[in-house]
Amino acid sequence: MADNEATSFDTLFGRMAVEQKLCTEEELKECKKELQARAAGSNPVTLERLMVEKQVLTPSQAARLKGSIRESRDVSTQIPGYRVLGKLGSGAMAVVYKAKQLSLDRTVAIKVLPKKFVQKSDYVERFYKEGRIAAKLNHNNIVQAIDVGEVGGLYYFVMEYVEGKTLYDDLSKGKIFSEKEALDIIIQLANALAHAHAQGLIHRDVKPKNIMINKEGIVKLADMGLAREASDIKAAKHEQGKAFGTPYYIAPEQIRGELDIDGRADIYALGATLYHMVTGRVPFDASSPSEVMRKHLKEPLVPPDHINTSLSAGISEVIEVMMAKNKEDRYKNMEELLIDLQAVRDGNPPVIARQRFNMEALEKLEDGVEVNHRDETQKVYNDALLAKYKVAVVALIALSAVLFLIVLFLAFQLKNKSESYDSMTYGQASFSSCPEIPSKPA
Ligand SMILES: Nc1ncnc2c1ncn2[C@@H]1O[C@H](COP(=O)(O)OP(=O)(O)OP(=O)(O)O)[C@@H](O)[C@H]1O
Ligand SMILES: [Mg+2]
């Protein structure tokens, strides 16, 4: 390496070590001081070696960092108009870099798709088509798509850079969200999806890893407009999740590979995400992705308020309607869902979910199936009926008591009357025996 090339690599290495939180600014400053001292002497060394020597980095951390810098450099020299600053993360399908958009001097995130995903021409077509639609979306809760392109066989997607964390970061630490906190996040996402659906764009991959929360606490839905293939799901079934993250949030109709996927698939995935947030558990868990998918298709959902008993009946009903296996039984659209989310958020019952539960109960009755009284509506109805019976019984007892008293009073009156009649009939004796009535003078 030439001297100045080595220096610029050291600078990048140091900056990325701090950015990736492998060391502190202070530790880096110390190392740089020593680096300069050694360069002046007879024992020059690279920053990477020095940081390992001083045990600021482990050898494997240093190797990983060096590898990702090389990778970033490869990408940065290839995508014109952008300078890659470092790697932000990677998922099953792509690597995401932090970069500077040179023309506008702003920080962006660039998602680069590996070649194996972009060899199929229909995929590339959809990648561009959906990228173009996504770039037209403009919503505060959607990660703004900026550009899509291809260079040297690499397909890239440029988007707004979100400084913050993903919802997955919180959930993987075991955080259980309060009902209010969860609803505040889900309402922002439902608004974002309502906007996308109105433009004809379905997300198809709503999940905690694609939900970011920035430093101001604003929720941002990522990967909107990133084309997914139905064959990804087939691949997941065969490759046990290697090609496709474990499908904890996917709608049954997507698992079945149906072609007419609509906004209700996003409602299901959002429901599964809300379920995870308020219970601390994914709705269906198993040791393999195919088993998780089987459960999405067949297994009844354990109501969230059975896991977290502090949840309101309302939020549980909303989640159950969101996650109905049959899309016809879900909310029709995001607008309908938002009515119920807002109602529960304000402490009121979810009107639309209640209607669904009542309809379901009616249908079951029509079918001659015994109705399960788990839902709160039925309980409220039963309680009201019981209260009415109680009032009727008390009124009946009171009425009987009054009747009894009247009968008693009448009997007493009758007895008195007959006694006075007796005394009038049978003459003086009774008068004279009565002290209040003076006896006639003889
Ligand atoms: N716009 C962005 N701004 C900042 N960081 C981002 C942005 N988009 C993605 N990231 C980061 O890059 C990581 C990788 O994202 P990517 O979409 O490739 O995979 P994923 O969504 O995490 O997982 P999967 O591959 O299972 O879908 C994310 O977890 C996130 O930390
Ligand atoms: Mg993602």
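Two strands count as paired if DSSP finds at least two bridges between them, and the elements themselves are DSSP runs numbered from the N terminus, helices being H or I over at least four residues and strands being E over at least two. The model is predicted, so that local features need pLDDT of at least 70 and side-chain atom pairs count only at pLDDT 80 or more, whereas totals for chains, interfaces and linings use all residues. Residues are numbered from 1 along each chain as its sequence is written, while chains are lettered from A and ligands numbered from 1 in the order in which they are written.

One open sheet is built from five strands in the order β1-β2-β3-β5-β4, with antiparallel pairing. Because β1 (82-90) and β4 (145-151) stand at its edges and have a single partner strand each, one side of each is left without a neighbour in the sheet. Neighbouring strands here are turned by 25° against each other on average, direction ignored; axes are lines fitted to C-alpha atoms, for helices over the stretch in contact, and angles run from 0 to 180 degrees between N-to-C directions. The edge strand β4 pairs with β5 (residues 154-160) in the antiparallel sense over six bridges, and Gly149 stands opposite Tyr156 in β5.

A further open sheet has three strands in the order β6-β7-β8, again with antiparallel pairing. Its edge strands, β6 (164-166) and β8 (219-221), each pair on one side only, and the twist averages 30° from one strand to the next. Between β7 (residues 211-214) and β8 the antiparallel pairing runs over three bridges, with Ile211 opposite Leu221 in β8. Helix α7 (residues 179-198) packs on this sheet, touching β7 and β8, and its direction makes about 40° with that of β8; contact requires that the C-beta atoms of two residues, placed from the backbone, lie within 7 Å.
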